[in-house]
Amino acid sequence: MAQIINGKEVSAKVRENLKKETADLLESTGICPGLAVILVGSDPASQVYVRNKHLACEELGFHSFEYKLSENTTQEQLLDLISVLNKNPKVHGILVQLPLPDHLDEQSVLYAIAPEKDVDAFHPMNVGKIMIGNYEVLPCTPAGVMELLDASGVEIAGKNCVVIGRSNIVGKPMSMLLLQRSGTVTICHSKTKNLADICAQADILVVAIGKPKFVTADMVKEGAIVIDVGINRDENNKLCGDVDFESVSPKASLITPVPGGVGPMTITMLMKNTLRAAKAQNGIKD
Ligand code: NDP
């Protein structure tokens with residue numbers, strides 16, 4: 001039976017360190033990390049995410065700037081707000097909660113955020129830096145996965161790593177981070193042939209596709225490390241991942257559950273990026 005990677009526990013430890021680091025920064029320099037979160041419209045899931053980000057700021061002692069804009073906000077109004085926040089020295093990180101309403105152009109909004117304040121690491125400048133391997137901020141979910149692997153003592157170098165999913169926010173950056181740590185990485189997607197065979201070669205399997213319980217035991221090698229990024233609802237409306245936990249966990253050596261695996265890491269990594277951004281913007285070396 002696989003050992004469970006407990007994301008809640010790892011996240012709590014990282015937050016404890018961030019809280020201490022934040023208090024030290026404030027005491028020694030008077031700088032308090034500030035995170036601005038912009039929510040356009042009233043999507044219920046987004047409201048929950050924004051609230052959780054605010055609570056995380058409170059927990060760690062960050063300044064939290066919340067902007068709840070109406071569904072009818074224009075592109076120009078949103079870009080104006082970003083421009084103001086870009087210039088505000090108390091704001092070190094800016095996050096626009098996605099998805100945006102259809103009439104807004106997501107790409108130009110994300111590109112308008114100053115790269116040094118882009119704590120989601122979605123700006124092409126930061127994406128490029130990740131590709132090169134010389135980065136200050138990492139996209140939160142893949143960074144959370146790396147933190148979980150490290151906390152579990154997993155050696156990545158030389159391992160066969162298979163990532164299912166090639167989205168810009170999870171699959172692609174995830175693959176880059178594993179490659180930088182000298183994993184031998186295969187990226188799979190909806191057009192991949194013989195997916196089950198490729199997955200069965202994986203020492204480390206990261207699944208980010210958004211299909212409930214898609215990965216079954218026959219697709220997993222005995223003793224594999226299985227990281228489930230998916231957040232879905234099953235037929236009984238219960239939260240579940242992209243991996244069929246029940247059948248896969250007896251075969252894996254380490255596995256993340258859903259909920260309680262990758263999920264708790266994402267906001268914690270956002271906080272880590274914001275603290276790092278606050279230091280960098282004030283010329284303080286990490
Ligand atoms: P996207 O929908 O953007 O990407 C899904 C990827 O999966 C695509 O690359 C797609 O391939 C691939 N895919 C879909 N179906 C198959 C299939 N049958 N076989 C192989 N590949 C397939 O999703 P995201 O990357 O944004 O998110 C993935 C999951 O992770 C979701 O459940 C999401 O809720 C969750 N998530 C969780 C987070 C967390 O904090 N834990 C944060 C972000 C996401 P193709 O490119 O060919 O279409």
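The second largest pocket of this predicted model is lined by 18 residues, and A121, F122, V127, N168 and I169 are the ones nearest its centre. Three elements give two or more residues each to this lining: α4 (106-112), α5 (124-132) and α7 (171-180). The volume of the second largest pocket is about 450 Å³. Its lining consists of 14 nonpolar, two polar and two charged residues. Domain 1 (30-114) and domain 2 (140-263) are both represented, with at least three residues of the lining drawn from each.

The largest pocket has a volume of about 1300 Å³. Its lining is made up of 46 residues, and those nearest the centre are Y49, T141, I231, G263 and T266. Several helices and strands take part: α1 (7-29), α2 (44-60), β4 (93-96), α6 (140-151), β9 (232-233) and α10 (263-281) each supply at least two lining residues. Of the elements, α2 gives the most, with nine residues.

Where does the largest pocket lie with respect to domain 1 (30-114) and domain 2 (140-263)? Both domains give residues to its lining, so the largest pocket lies between them.

The ligand is surrounded by 22 residues, and the closest of these are R166, S167, S190, K211 and T266. T266 is also listed among the residues nearest the centre of the largest pocket. Three side chains can be described by their distance to an oxygen atom of the ligand. For S167, a polar side-chain atom is 2.5 Å from such an oxygen. For S190, a polar side-chain atom likewise lies 2.5 Å from an oxygen atom of the ligand. In the side chain of T266, an N or O atom is 2.7 Å from an oxygen atom of the ligand. How much of the ligand's area does the protein bury? The ligand taken alone exposes 930 Å², and the protein buries 71% of that.

The residues around each pocket and around the ligand can be set out by class.

| Site | Nonpolar | Polar | Charged |
|---|---|---|---|
| Lining of the largest pocket | 26 residues | twelve residues | eight residues |
| Lining of the second largest pocket | 14 residues | two residues | two residues |
| Shell around the ligand | ten residues | ten residues | two residues |

In the shell around the ligand, nonpolar and polar residues number ten each, with two charged residues besides. The lining of the largest pocket has 26 nonpolar residues beside twelve polar and eight charged ones.

Technical notes
Residues numbered from 1 in each chain as written. Predicted model: local features only at pLDDT ≥ 70, side-chain atom pairs only at ≥ 80, totals over all residues. Heavy atoms only, no water. 1 Å grid on protein atoms, 1.4 Å probe; cavity = no way out; pocket = protein on both sides within 12 Å on 5 of 7 lines; lining within 4 Å. Points joined across faces, edges and corners; volume = space filled by probe spheres on them. Helix = DSSP H or I, 4+ residues; strand = E, 2+ residues; numbered from the N terminus. Nonpolar A, V, L, I, M, F, W, Y, C, P; charged D, E, K, R; others polar. Domains from an automatic or database assignment. Near = heavy atom within 4 Å. Polar contact = N/O pair within 3.5 Å; in protein donor to acceptor, adjacent residues only side chain to side chain. Areas by Shrake-Rupley, 256 points an atom, 1.4 Å probe, with all protein chains shown as cover.
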